[in-house]
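Reader: I have a protein model open and would like to learn how to read it. Could you take me through a few features?

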Amino acid sequence: LLTQMPPEQISNRSCSAVLQGYGALGMGKEAEDALLKIEWMLKSPLEEGPIASSSLDVACYNSILHGYCKASKREDMHSAVKLFQAMKTETPIEINTGSSFFVIPPMPDIISYASLLNCYGKLGMASEAEKLINSMMSVGTTTRKPLETDPPEPTIACYISTMQAFENSFDRDAPARALALLQRLESIGQDSENKRDKRSRRSNRMPNRIIYNYALRCMSKHGRGEEAEKILNMFNKAHPNCNGPDIYAYALALRAWERVGKINPKMAAERAEKLFIEMKNLSSEGYLPPLELSSYNTLLGIFARAGLAYKAECLLHELEVSKSSEWNQVESFRAPEPNQMSYNLVIKAISRSNEKNSVTVERAWNILYRLGYPKKGDTSRTPMQLSIDTLNSMLKLLSKRGLAAEAESLLNAMDDFIVEGRLKRNIAALLSSYEATLEALGRCKTIDAAKRAEELVTRMEVVGELGGEFQPSLLAYNTLLNCYANAGMAGKSEALLERINQMHEAGRIPSPPDIVS
C-alpha cells in the first residue's frame with residue numbers, strides 16, 4: 001500500500017507504522033529491506049550525488065533494531081550491531097537498486113542504545129553489554145561539555161538489560177561483574193546524594209528496586225548465595241524504612257543457595273536455613289507477606305540434597321500442623337499447605353541421609369500412608385494424593401537400602417494403581433520405577449536376586465513387545481548384568497552382553513554396551 005502512494009504524500013509517520021509492524025513480529029531483516037526500499041522511494045530527484053542523508057527519522061531505524069531484538073537470534077544480532085554502528089559513525093548504507101546509491105542514517109538515540117542492550121541481554125552477551133553501558137556511563141563523569149556524538153546517559157531499562165546479559169551469560173565471572181556494576185551505581189548515586197545536586201546528570205543512576213531484583217536474579221541463576229545475601233544487605237541500606245527487599249528478592253536469594261547446594265550441600269543448607277528464618281521473622285512482623293509454599297519447598301529441596309532428613313521432616317510437620325491449627329484460621333497468617341513436591345522432597349531427604357536403621361524407612365512409609373497409600377490388609381479404594389514421582393522417591397530409598405522385596409511389592413502396587421485409574425500414568429517416570437527396583441535387586445544379597453531381576457527385565461521386554469511405550473534401557477540391562485556378576489553367572493553375563501550389542505545394531509535400544517557393561 002505504501003509503494004502505491006505518491007512519494008510526496010508519504011510521511012515519516014506512515015513509514016514508521018509499516019516498519020513497526022515488522023519490528024513487532026521480530027522480522028528484522030524484512031524490516032531493513034523495507035526501510036531501504038522506502039529510502040529509495042523518498043530519494044529527492046534533486047539529489048545528484050551517490051550519497052544523501054536519510055529521509056527517515058531515528059524512530060524508523062529503531063524499529064529495525066527492535067525487530068532484530070525480538071527475534072533473539074545470533075545471526076540477527078550481527079545485523080543489529082552492524083546497523084547500530086552505521087548509525088553511530090554515520091557510515092553510509094548502500095541501497096541495492098541496481099544503481100550505486102548510499103544513505104547516511106540518523107544518529108542513534110537512547111531508544112537505539114536500549115534496543116541493542118536488550119539484544120545483548122536476551123542472548124547473554126555480557127561483555128558486549130558491559131562495554132556499551134560503560135561507554136554510556138562515562139559521559140556523565142567527564143567535566144568537558146558534552147558532544148553531539150556522545151552516547152546518551154543510560155536509563156533504568158539499559159541497566160536492567162545489562163543485568164539480564166550477566167544473568168544469561170555463561171561467563172564464570174558474570175555474577176562478580178554484575179555485583180561490581182551495582183556497587184558502581186550505588187557509589188555514583190551516593191556521590192550525587194552527598195552533593196545534594198538534584199539537577200545532577202547522575203541523579204538517575206541510583207539503583208532502584210527493579211535493578212536490585214535483576215541483580216539477584218543473576219545470582220540466583222548462577223548459584224551465588226554469598227553475593228545474593230550481600231545484595232540483599234545493599235538493597236536494605238539503599239531503601240530503608242520498609243522500602244527494601246520484597247518477598248520476591250528474598251526468594252531469589254534462597255534459590256541462589258539451592259544451586260550452591262549442588263557443590264556444597266551442608267554449607268548451603270545451613271545458610272539457607274538462616275535466611276529462611278529471617279524471612280519468617282520479617283513476615284511475622286508484617287514487613288513481608290506470608291511465605292509462599294515455593295519458599296518452603298526450596299528449603300526442603302536444599303535439605304534433601306544435603307540429606308538432612310530430620311530438618312526436612314520438621315519443616316513438613318510445621319506445614320501440616322499449621323494447616324489444621326486455629327491460628328491458621330486468621331486470613332493474614334494463613335500458612336501454605338504441603339503439596340506433592342513437599343512430600344516428595346522429604347522422602348528424598350530420608351533417602352539421602354546416612355541413617356541406616358529400619359526406623360528411617362518406616363518414617364518414609366508413614367509419609368506415604370498420610371497421602372493415602374493403603375496399609376497392609378487395607379482393601380478400600382480410598383483416593384490417594386500420590387504421584388509416580390513421589391513413589392519413585394520411595395523406591396530409590398528402598399533401592400539404596402537394598403530392600404528388594406519391599407521395592408518389588410511397591411512396583412507391583414503401582415502397576416495395579418495405574419490399571420485401576422488411581423495413579424496417573426507417566427511413561428518416563430514408570431521406566432525410572434523399574435530401574436530403581438532393579439537397582440534394589442542389584443544391592444540385594446539373596447540367592448534368587450539374579451533370577452528375580454531377570455524376570456523383571458523380561459516383564460519390561462514383554463510390555464514393549466505388546467505395544468507398550470517403553471523398553472528396558474541400557475541402565476536396566478547393566479543392573480541385570482550386575483546381578484549376574486554378584487551371583488557369579490559368567491555365562492549369562494556374556495550372553496546378555498552379546499544380546500545388548502545385537503539389540504543396539506537392530507535399533508531396539510539407542511545405546512551400545514558401555515564401560516559399565
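Author: Let's go from the whole chain to single helices, a helix pair and two residues. Keep in mind that this is a predicted model.

Reader: How many helices and strands are there in the protein chain?

Author: The chain has 22 helices and 3 strands. Of its 517 residues, 47% count as buried. Among contacts with a separation of 6 or more, 65% are between residues 24 or more positions apart.

Reader: How far apart should the ends of helix α2 be?

Author: Use a rise of 1.5 Å a residue: the 14 residues of α2, residues 28-41, should then span 20 Å. The end C-alpha atoms are 20 Å apart, so the expectation and the model agree.

Reader: Which residues of α2 are buried?

Author: Here is the general idea to begin with. An α-helix has 3.6 residues a turn, so residues three or four places apart point the same way. In α2, the buried residues are Gly-28, Ala-31, Glu-32, Ala-34, Leu-35, Leu-36, Ile-38 and Glu-39. Try finding them along the helix in your viewer.

Reader: And how do I describe two helices that pack together?

Author: Two packed helices are described by the angle between their axes and the distance between the axes. Take α13 (residues 293-306) and α15: their axes come within 8 Å and cross at roughly 15 degrees. Angles under 35 degrees count as roughly parallel, and α13 and α15 are therefore roughly parallel to each other. The crossing is left-handed.

Reader: Which residues meet where α13 and α15 come together?

Author: From α13 they include Leu-293, Asn-297 and Leu-300, and from α15 they include Met-341, Leu-345 and Ala-349.

Reader: Now a single residue. Where is Asn-339 found?

Author: Asn-339 lies in the loop between α14 (309-324) and α15 (340-352). It touches Leu-293 and Asn-297, leaving aside residues up to four places away in sequence. With Asn-297 there is also a polar contact, side chain to side chain, at 3.3 Å. Leu-319 is 20 residues from Asn-339 in sequence, and their C-alpha atoms are 9.9 Å apart in space.

Reader: Is Ser-220 buried or exposed, and how does Asn-339 turn out?

Author: Look at the relative accessible area: under 20% is buried, and over 50% is exposed. Ser-220 has 5%, so this residue is buried. Asn-339 has 32%, so that residue is partly exposed. Ser-220 sits in helix α9, residues 209-222, and touches Leu-252, Arg-255, Ala-256 and Arg-259, again leaving aside residues up to four places away in sequence.

Note on methods:
Residues numbered from 1 in each chain as written. Predicted model: local features only at pLDDT ≥ 70, side-chain atom pairs only at ≥ 80, totals over all residues. Heavy atoms only, no water. Helix = DSSP H or I, 4+ residues; strand = E, 2+ residues; numbered from the N terminus. Expected span 1.5 Å × (residues − 1). Buried < 20%, exposed > 50% of the residue type's maximum accessible area, 1.4 Å probe, protein only. Contact = heavy atoms within 4.5 Å. Polar contact = N/O pair within 3.5 Å; in protein donor to acceptor, adjacent residues only side chain to side chain. Axes fitted to C-alpha atoms, helices over the stretch in contact; angles between N-to-C directions. Parallel < 35°, antiparallel > 145°, perpendicular 65-115°, else oblique. Left-handed = near helix turned anticlockwise from the far one by under 90°.
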